[in-house]
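Subject: Structure for you to look at

Dear colleague,

I am handing over the structure we talked about, and below it I have set out what was found in it. Please read the notes with the structure open beside you.

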Amino acid sequence: MIHVRDVCKSYPTRSGTKVVVRDVNFDVYPGEKLGVLGRNGAGKSTIIRLLSGVENPTRGVVDRQMSVSWPLAFGGAFQTALTGLDNLRFICRVYGVEPETKIPFVDEFSELGRYLREPVGTYSSGMLARLAFAISMTIEFDCFLIDEIIAVGDQRFHDKCHVELFERRADRAMIFVSHDIGYIQAHCQRAAVLHDSSFTMFDTVAEAYEFYLAQ
């Protein structure tokens with residue numbers, strides 16, 4: 001499980017402290033699909049970064065009792081001077097995975113060709129996202145964090161991502177953040193709404209969407 005208790009996150013700005021999320025409390029169970037709805041700037045990506053451990057809360061606790069992915073297609077942790085292949089090797093070693101067994105999959109899935117052996121700093125944003133998604137699929141997490149990411153590449157590549165994530169890993173927990181209700185309805189069992197720094201949980205996606213429309 002993941003237990004989130006009394007989590008707040010704020011950032012200093014020139015005009016004072018900006019509170020992004022305040023007093024967030026919820027649990028995520030093994031195999032559960034949870035959606036988080038919110039308009040642009042509501043704090044959805046902040047929630048994902050807090051859950052992944054990319055950032056620490058200003059106050060409160062995120063207790064991870066299962067392994068949690070980084071945000072899918074997030075390439076912010078890549079070493080830009082290293083090649084895509086060397087980044088794969090580094091990440092595999094961090095997670096205790098034999099990198100040489102994963103190279104064929106990442107090579108085929110990312111469709112980077114010779115660029116897999118070029119520095120990541122030379123990649124376009126789309127190439128970076130394809131590499132990050134492919135590497136994410138080499139580590140078998142209990143919970144995947146999805147930040148509006150399956151818009152990588154063309155429809156054929158979207159279909160590949162769908163098979164890897166939603167079919168082959170259908171038994172994993174997943175947390176989706178989006179402003180697209182169709183995306184949440186298609187994949188989630190329940191949902192929450194982020195609005196005005198508050199995180200409100202609902203038992204059904206329909207209830208969450210009704211509340212979301214009212215804001």
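**The sheet and its helix**

Strand β1 (residues 2–13) and β2 run antiparallel and are joined by nine bridges. Please keep in mind throughout that this is a predicted model. Where β1 and β2 meet, Thr13 stands opposite Gly16 in β2. The pair belongs to an open sheet of three strands, in the order β2-β1-β4, with antiparallel pairing. Its edge strands are β2 (16–28) and β4 (59–64), each of which pairs on one side only. On average, neighbouring strands of this sheet are turned by 25° against each other, if direction is ignored. As general background, strands of a sheet pair through backbone hydrogen bonds, and they may do so in either a parallel or an antiparallel manner.

Helix α1 (residues 44–52) lies across β1, β2 and β4, and runs at about 120° to β1.

**The salt bridges**

Side chains of opposite charge can pair when their charged atoms come close. The structure holds 15 salt bridges, and I describe a few of them here.

In one of them Arg49 is paired with Glu55, with the closest N and O atoms 2.6 Å apart. Arg49 counts as partly exposed, since its relative accessibility is 26%.

A second salt bridge is formed by Arg156 and Glu111, whose closest N and O atoms are 2.7 Å apart. Arg156 lies in helix α5 (residues 155–167), whereas Glu111 is in the loop between α3 (103–110) and α4 (125–136), so the pair ties together parts that are 45 residues apart in sequence. Arg156 is partly exposed, with a relative accessible area of 46%, and Glu111, at 32% relative accessibility, also counts as partly exposed.

Is Glu164, which has a salt bridge with Arg168, buried or exposed? Glu164 is buried, because its relative accessible area is 6% and buried means under 20%. Its partner Arg168 counts as exposed, at 56% relative accessibility, because the cut-off for exposed is over 50%. In this salt bridge between Glu164 and Arg168, the closest N and O atoms are 2.4 Å apart. Both residues also belong to a network of salt bridges that links Glu140, Glu164, Arg168, Arg169, Asp171 and Arg172.

With best wishes

How values were computed. Residues numbered from 1 in each chain as written. Predicted model: local features only at pLDDT ≥ 70, side-chain atom pairs only at ≥ 80, totals over all residues. Heavy atoms only, no water. Salt bridge = Lys/Arg side-chain N within 4 Å of Asp/Glu carboxyl O. Buried < 20%, exposed > 50% of the residue type's maximum accessible area, 1.4 Å probe, protein only. Helix = DSSP H or I, 4+ residues; strand = E, 2+ residues; numbered from the N terminus. Pairing = 2+ DSSP bridges. Axes fitted to C-alpha atoms, helices over the stretch in contact; angles between N-to-C directions. Contact = heavy atoms within 4.5 Å.
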